[in-house]
Amino acid sequence: MGEQTKNIGNTPPAHAAADWTVPQNWSGYTADQHAMWDRLYAQQVELLPSRVTPKFMQGLETLRLSESGIPDFDDLSERLHKLTGWSVVAVPGLVPDDVFFEHMANRRFVAGNFIRTPEQMDYLQEPDVFHDVFGHVPLLANPVFADYMQAYGEGGLRAVGENAIHHLARLYWYTVEFGLIREDDDLKLYGAGIVSSRSESVFALDDPSPNRIGFDLRRLMRTNYRIDDYQQTYFVIDSFEDLLKQTLETDFAPIYAELADGPDHQPADILPTDRVFTRGTQAWAKRGDAF
């Protein structure tokens, strides 16, 4: 969500319901499309076990996402709902912010029902079913992270009325999509945008280019981000419990007022107050190459 949703109209497509949901049409997937899921799944589960938080791998196993082919949302939702009360609903693509928040606040995760082509193997700008389901859904089986996602949705509905979505979008981007977590003195992946991308799964932890900075709510919400390249900075949380606690115990209204009057930070900035795990070289961004 966030910057990518600015140009979406408020009227759902003709084939969508008023809440923008559509049938997944699982029976309509071709053998090649199921094979693309299997190919993407195989390359990520080969790479991730030593890199990702164990809670993600536990979610994959508990939800039986290793079964061949694109998951049927009805079956997946039945398993997920028993664990944390969440379900997965299909949408035709990106949805307006208020629709996105409303679904999240009610423990419904919106997922695209299309899958990338071979030419889009490692990157596409609009999230597909692999990004949405493989990247996001395993952690929705974790009760603490599931609560965080609902709290974010509820906060988003409030932010709509305060004209502060662009600041709140940064919290989602730098946690849910591109977050790192510190576990046993190691940095691990958990953000869906990283774990669903083979190349960024390596870049985020191993490359000397990006900064890796300790999570700070106000600092993060002042920081711009890239939607068309690897991240120049990754923020590191201490635990899902701490992330949830800060989200629930923070009054965002005065933060929005404070942010409205202050300058934004650029993605590569390091501040004197930052808790720095890695001071990046920014070599990748300086080259100007897109991935």
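The following conversation looks at a pocket and a sheet in a predicted model.

Student: What makes the largest pocket a pocket and not a cavity?

Tutor: A cavity is a set of points where the probe fits but cannot get out, whereas a pocket is an open set with protein on both sides along at least five of seven lines. The largest pocket, with a volume of about 200 Å³, therefore counts as an open set by that definition.

Student: Which residues lie nearest the centre of the largest pocket, and how many residues line it?

Tutor: The lining has 16 residues, and Gly155, Arg158, Thr247, Thr250 and Phe252 are those nearest the centre. Helix 6 (143-161) is one of the helices that each supply at least two lining residues, together with helix 7 (165-177), helix 11 (240-249) and helix 12 (252-261), and helix 6 gives the most, with six.

Student: Which classes of residue make up the lining of the largest pocket?

Tutor: Nine are nonpolar, three are polar and four are charged.

Student: How do you know that strand 5 and strand 6 pair?

Tutor: Two strands pair if there are at least two bridges between them; strand 5 (residues 211-214) and strand 6 (residues 233-237) have four bridges, in the parallel sense, so the definition of pairing is met. Arg212, for example, has Tyr234 in strand 6 as its bridge partner.

Student: Why are strand 4 and strand 7 said to stand at the edges?

Tutor: The open sheet has five strands in the order 4-3-6-5-7, with mixed pairing. Strand 4 (186-189) and strand 7 (276-278) each have a single partner strand, so one side of each is left without a neighbour in the sheet.

Key: Residues numbered from 1 in each chain as written. Predicted model: local features only at pLDDT ≥ 70, side-chain atom pairs only at ≥ 80, totals over all residues. Heavy atoms only, no water. 1 Å grid on protein atoms, 1.4 Å probe; cavity = no way out; pocket = protein on both sides within 12 Å on 5 of 7 lines; lining within 4 Å. Points joined across faces, edges and corners; volume = space filled by probe spheres on them. Nonpolar A, V, L, I, M, F, W, Y, C, P; charged D, E, K, R; others polar.
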